[in-house]
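Student: Got a minute to go through this one with me? I'd like to pick out a few spots and see how they fit together.

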Amino acid sequence: METLCSKLDLGHYSMSKPLIRPTSKPYFSSGFSCFNHGRKPGSRLVVPQALDKRKSTPRLKNESPSEESENLFKWVARGVLGFAAAVSVCSNFPVLAETVTVAFPVSHTPEVNTVQRTLVEAWGLIRETFVDPTFNHQDWDLKLQETMVEMFPLRSEDAAYNKIRGMLSTLGDPYTRIISPKEYQSFRIGSDGNLQGVGLFISIEPKSGHLVVLSCVENSPAARAGIHEGDELIEINGEKLVGIDGEAAAQKLRGRAGTTVTVKVHSGNVSGRNDLREVKLPREVIKLSPISSAIITHRMSDGRLSKTGYVKLSTFSQTAAVEMENTVQEMENQGVQSYILDLRNNPGGLVKAGLDIAQLWLDGDETLVNTIDRDGNMQPISMVDGHAVTHDPLVVLVNEGSASASEILAGALHDNGRAVLVGHKTFGKGKIQSVTQLHDGSALFVTVAKYLSPALHDIDQVGITPDVQCTVEALNSPRDLEADSCIMVAERELDIVFNLVHLS
């Protein structure tokens, strides 16, 4: 998941009706301060770690109920909703602020009561940080009231969480979502590089809303079962996945090593297949080392032997940049003269890791990416006095499974003239999410910014078109390099660059 510390700004809030306090239900109050408001943009943005453990919990104060006399629906008819939330909202001037109190009833079910608090937290974070200030052209304050009314009669935590998910779905952004405490723990474990599951990277295809396979971990249960990129997941253990987000589906695939999970997959456009099949997969410990590498020796057009360092980056984990630097430095010590960086089927990960890797290949004060905040302000993220590990010629391989941080890295290297792109047009995810742990251990992913490449190319739902087009059938192993036609194309491009450098 991608995280970016963005400029946060709010408009003026006003109530269309006077507040009438309920007199028959317990209520509590919640306050939002204008955190981050008034921050002056500098020449750079700071990109923190994606696992943001900041707690932005609203203050909650329980108050004694008065005598019960009216039910919830009578309050709604009078324009009043039940639990008291004091929302402190900033105007355009930090010294001016307005506090509005809206009342909501406290659920008598403790589990639902806890999720009510989570709802207010999530609503407030969206209100302050979501990239679209119109909230998909809806009244976001009214949406809180509607959701709280729907949540009040519920009796289970899962049902209450689903109401929050329903509220978030109205934003029209599949990447803004909430995950449960258990799902968040799995997410953190996965970003650290180890998990127990079947080895699938999956994502929601924005246009269709379908869950599709971005890639499989090498030699994982999914890869051994013949599941390929582009396959669509239809069911997991007999449960249809309509309306299920990517993280919830991933959670269903994970589990204790030694157990099994059954998936129904629709395969199309792979070796001419177009079929629906059910596969039983064993769960195993999946080690997500982000780097695999090899040295390719090939003969150049003038007859000389040349060493090319092949580096496959599978995900942008917390260790990816360090491992990449160590791998490239080791290859430099072995006399490598050019490089192929393979980002095919890399679904992304931590934006900070992508930017750190870009700096391993670039010098100076180059712009790595441009971000656009909710107010439409563009801000570059640039290096400061960078020093590349190597200046050897570089080709970057991409395809339709290269998404998010992969596209940021590919765009940074290409637009700064450092690399030639070879392959197929990328996935097209040009949005960045923040990740905030909420008071109950759940986590909210919020799209806080859009990004453009250094040359101001829009990537979202468009992708990056490589300099040289090339497609290849799925390989049995990333090390089956000789059968990969795109690597052969990359080698030819490196020969051209190498010869141009030496002629000059």
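Tutor: Sure, let's start with His137, which sits in the loop between helix H2 (110-129) and helix H3 (140-151). Keep in mind that this is a predicted model.

Student: Okay, is His137 buried or exposed?

Tutor: His137 is exposed, with a relative accessible area of 71%. Its backbone is worth a look too: phi of His137 is near 60 degrees, a positive value in a residue other than glycine.

Student: Which other residue has a positive phi although it is not a glycine?

Tutor: Asn345 has one, at about 60 degrees. You'll find Asn345 in the loop between S16 and helix H9 (351-358).

Student: And is Asn345 buried or exposed?

Tutor: Asn345 is buried, with a relative accessible area of 19%. The cut-off for buried is under 20%, so Asn345 makes it into that class.

Student: You mentioned H9. How many of the residues of H9 are buried?

Tutor: Six of its eight, so H9 is largely enclosed by the rest of the structure. The buried ones are Val351, Ala353, Gly354, Leu355, Ile357 and Ala358.

Student: What do they pack against?

Tutor: The buried residues of H9 pack against S15, H8, strand S17 (367-372), strand S18 (378-382), H10 and strand S21 (431-437).

Student: Let's do the sheet, then. What is the strand order in the open sheet of six strands?

Tutor: The order is S14-S15-S16-S19-S20-S23, and the pairing is mixed. Strand S14 (291-299) and strand S23 (468-469) are the edge strands, each pairing on one side only.

Student: How do S15 and S16 pair?

Tutor: Strand S15 (residues 305-313) and strand S16 (residues 338-342) pair in the parallel sense, over five bridges. If you want a pair to click on, Tyr310 has Ile340 in S16 as its bridge partner.

Student: Which helices sit on that sheet?

Tutor: Helix H8 (residues 320-333) lies across S14, S15 and S16, and runs at about 25 degrees to S14. Helix H10 (residues 405-415) also packs on the sheet, where H10 touches S16, strand S19 (394-398) and strand S20 (420-423). The direction of H10 makes about 145 degrees with that of S19.

Student: Tell me about S19. How many of its residues are buried?

Tutor: Five of its five. Both faces of S19 are covered, with Leu394, Val396 and Val398 buried on one side and Val395 and Leu397 buried on the other.

Student: Why do the residues split up like that?

Tutor: In a regular strand, side chains alternate between the two faces of the sheet.

Student: And what are the pairings of S19?

Tutor: S19 pairs with S16 in the parallel sense over four bridges, and four bridges also join S19 to S20, again running parallel. On the S16 side, Leu341 has Val396 as its bridge partner in S19. On the S20 side, the bridge partner of Leu397 is Val422.

Student: New topic: Glu491. Where is Glu491 found?

Tutor: Glu491 is in helix H11 (residues 485-503). Glu491 is buried, with a relative accessible area of 14%.

Student: What is Glu491 in contact with, leaving aside its neighbours within four places in sequence?

Tutor: Ile296, His298 and Ile340. You met Ile340 earlier, as the bridge partner of Tyr310. Also, Glu491 and Met300 are 191 residues apart in sequence, yet their C-alpha atoms are 8.9 Å apart in space.

Student: Let's try another acid. Where does Asp231 lie?

Tutor: Asp231 is in the loop between helix H6 (221-224) and strand S9 (232-236). Asp231 is buried yet has no salt bridge.

Student: How far away is the nearest side chain of opposite charge?

Tutor: That's Arg277, at 4.6 Å. A salt bridge needs the charged atoms within 4 Å, so Arg277 doesn't count as a partner for Asp231.

Student: So what does the side chain of Asp231 reach?

Tutor: Asp231 reaches the backbone nitrogen of His228 at 2.9 Å, and makes a polar contact with the side chain of Ser267 at 3.3 Å.

Student: Last one: how do S7 and S8 run?

Tutor: Antiparallel, with five bridges joining strand S7 (residues 200-204) to S8. Phe201 has Ser215 in S8 as its bridge partner. The hairpin has six residues between the strands, and Gly209 there takes a positive phi near 80 degrees. Strand S8 (residues 211-216) is mostly covered, with five of its six residues buried.

Key
Residues numbered from 1 in each chain as written. Predicted model: local features only at pLDDT ≥ 70, side-chain atom pairs only at ≥ 80, totals over all residues. Heavy atoms only, no water. Helix = DSSP H or I, 4+ residues; strand = E, 2+ residues; numbered from the N terminus. Buried < 20%, exposed > 50% of the residue type's maximum accessible area, 1.4 Å probe, protein only. Lys, Arg positive; Asp, Glu negative; His and termini not counted. Polar contact = N/O pair within 3.5 Å; in protein donor to acceptor, adjacent residues only side chain to side chain. Pairing = 2+ DSSP bridges. Contact = heavy atoms within 4.5 Å. Axes fitted to C-alpha atoms, helices over the stretch in contact; angles between N-to-C directions.
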